[in-house]
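Biologist: I should like to learn how to read a structure of this kind, feature by feature. Could we begin with the charged side chains?

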Amino acid sequence: AERGASGGRGRGRGRRRGRRAHRRGCRGGERWRGAADRRDQLIVGQLNVQSLLPKLPDIPADIDERYSFDVFILSETWLKASTPDRLLNISGYKIIHKDRPRGGRLASGHGGVAICVRETFETQLLPTPVTHVPNSNLEMMWTVIRVGKHRRLLVGAAYRVPANTVH
């Protein structure tokens with residue numbers, strides 16, 4: 001066993017730590033990536049938000065200030081077509097969303113998906129492919145994100161209504 005600066009065993013200041021040792025500012029033993037470490041990295045996150053509007057004031061702290069996500073996927077946004085886009089504002093991000101259509105079999109549920117992309121990236125919303133499954137309960141949207149001059153990333157957000165499964 002290694003000895004610290006005090007000469008004894010334990011958690012003294014001089015104790016050497018292994019490569020994966022947990023320390024302040026770490027996640028799972030690895031140092032969390034700061035802005036300087038991420039030149040070639042894209043950080044993507046996902047959250048089942050279960051109603052976006054009341055939680056919107058708290059989301060910037062999680063997606064940008066705490067974890068610095070470049071892309072963040074939200075499911076169960078519970079947004080309506082009547083919700084104005086001006087209410088959906090996260091500083092530094094574009095929010096692309098697809099609300100559950102009102103009317104039809106799934107009208108009573110909440111659903112809806114969104115993709116939040118850092119404003120520094122170009123995005124292109126793609127047409128949603130048809131699933132060709134009768135009575136499908138899958139809500140989804142796709143976007144292409146230009147990550148660099150020659151790189152593109154296809155990102156999808158999907159949500160399946162749990163109570164209405166296809167038989």
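Biologist: Is Asp62 buried or exposed, or does it fall between the two?

Modeller: Please bear in mind that this is a predicted model. Asp62 has a relative accessibility of 31%, so it counts as partly exposed, since the class lies between the 20% limit for buried and the 50% limit for exposed. Arg66, at 44% relative accessibility, is likewise classed as partly exposed.

Biologist: With which residue does the side chain of Asp62 meet in a salt bridge?

Modeller: The general idea comes before the case. Side chains of opposite charge can pair when their charged atoms come close. Here Asp62 forms a salt bridge with Arg66, with 2.7 Å from N to O. Both residues belong to helix H2, which spans residues 59-66, and they are four residues apart, about one turn of the helix.

Biologist: How many salt bridges does a search of the whole structure find?

Modeller: The search gives four. One of them joins Asp64 to Arg118, whose closest N and O atoms are 3.2 Å apart. Because Asp64 lies in helix H2 and Arg118 in strand S6, this pair ties together parts that are 54 residues apart in sequence. Asp64 is partly exposed, with a relative accessible area of 26%, whereas Arg118 is buried, at 17%.

Biologist: Which other aspartate forms a salt bridge with Arg118?

Modeller: Asp70 does so, with 3.1 Å between the closest N and O atoms. This pair also links distant parts of the chain, 48 residues apart: Asp70 sits in the loop between H2 and strand S4 (71-75), and Arg118 in strand S6. At 2% relative accessibility, Asp70 counts as buried. Through shared partners, the salt bridges join Asp64, Asp70 and Arg118 into one network.

Biologist: Let us turn to the fold. How many helices and strands are there in the chain?

Modeller: The chain has two helices and nine strands. Along the sequence they follow the pattern β-β-β-α-α-β-β-β-β-β-β.

Biologist: How should the sheets be read, and what is the order of the strands in the sheet that holds S6?

Modeller: One reads the strand order, then the pairing, then the edges. The sheet with S6 is an open sheet of four strands in the order S3-S4-S6-S5, with mixed pairing. Its edge strands are S3 (44-48) and S5 (93-98), each of which pairs on one side only. From one strand to the next, the twist averages 15°. S5 and strand S6 (residues 113-118) run antiparallel and are joined by six bridges. Within this pairing, Ile95 stands opposite Cys116 in S6.

Biologist: Which strands make up the open sheet of three?

Modeller: The order there is S7-S8-S9, and the pairing is antiparallel. Strands S7 (122-126) and S9 (152-160) stand at the edges with a single partner strand each, so one side of each is left without a neighbour in the sheet. The twist in this sheet averages 25° from one strand to the next. Strand S8, residues 138-146, pairs with S9 in the antiparallel sense over nine bridges. Leu138 stands opposite Arg160 in S9.

Biologist: Finally, how does one read the interior, and which residues have the most contacts inside the largest nonpolar core?

Modeller: In soluble globular proteins, nonpolar side chains tend to be buried together. In this model, the largest nonpolar core has 16 residues, and those with the most contacts inside it are Leu52, Ile63, Leu74, Ile90 and Cys116. H2, S4, S5 and S6 are the elements that give two or more residues to this core. Apart from it lies another core of 13 residues, including Val117, Met141, Ala157 and Tyr159.

Biologist: With which residues is Leu52 in contact, leaving aside its neighbours within four places in sequence?

Modeller: They are Ile59, Leu74, Thr77, Leu79 and Leu88.

Biologist: And what can be said of the chain as a whole?

Modeller: Of its 167 residues, 31% are buried. Among contacts between residues at least 6 apart in sequence, 58% join residues at least 24 apart. The accessible surface comes to about 11,500 Å², and 49% of that belongs to carbon and sulfur atoms.

Methods: Residues numbered from 1 in each chain as written. Predicted model: local features only at pLDDT ≥ 70, side-chain atom pairs only at ≥ 80, totals over all residues. Heavy atoms only, no water. Pairing = 2+ DSSP bridges. Axes fitted to C-alpha atoms, helices over the stretch in contact; angles between N-to-C directions. Buried < 20%, exposed > 50% of the residue type's maximum accessible area, 1.4 Å probe, protein only. Contact = heavy atoms within 4.5 Å. Areas by Shrake-Rupley, 256 points an atom, 1.4 Å probe, with all protein chains shown as cover. Core = buried A, V, L, I, M, F, W, Y, C linked by side-chain atoms within 4.5 Å.
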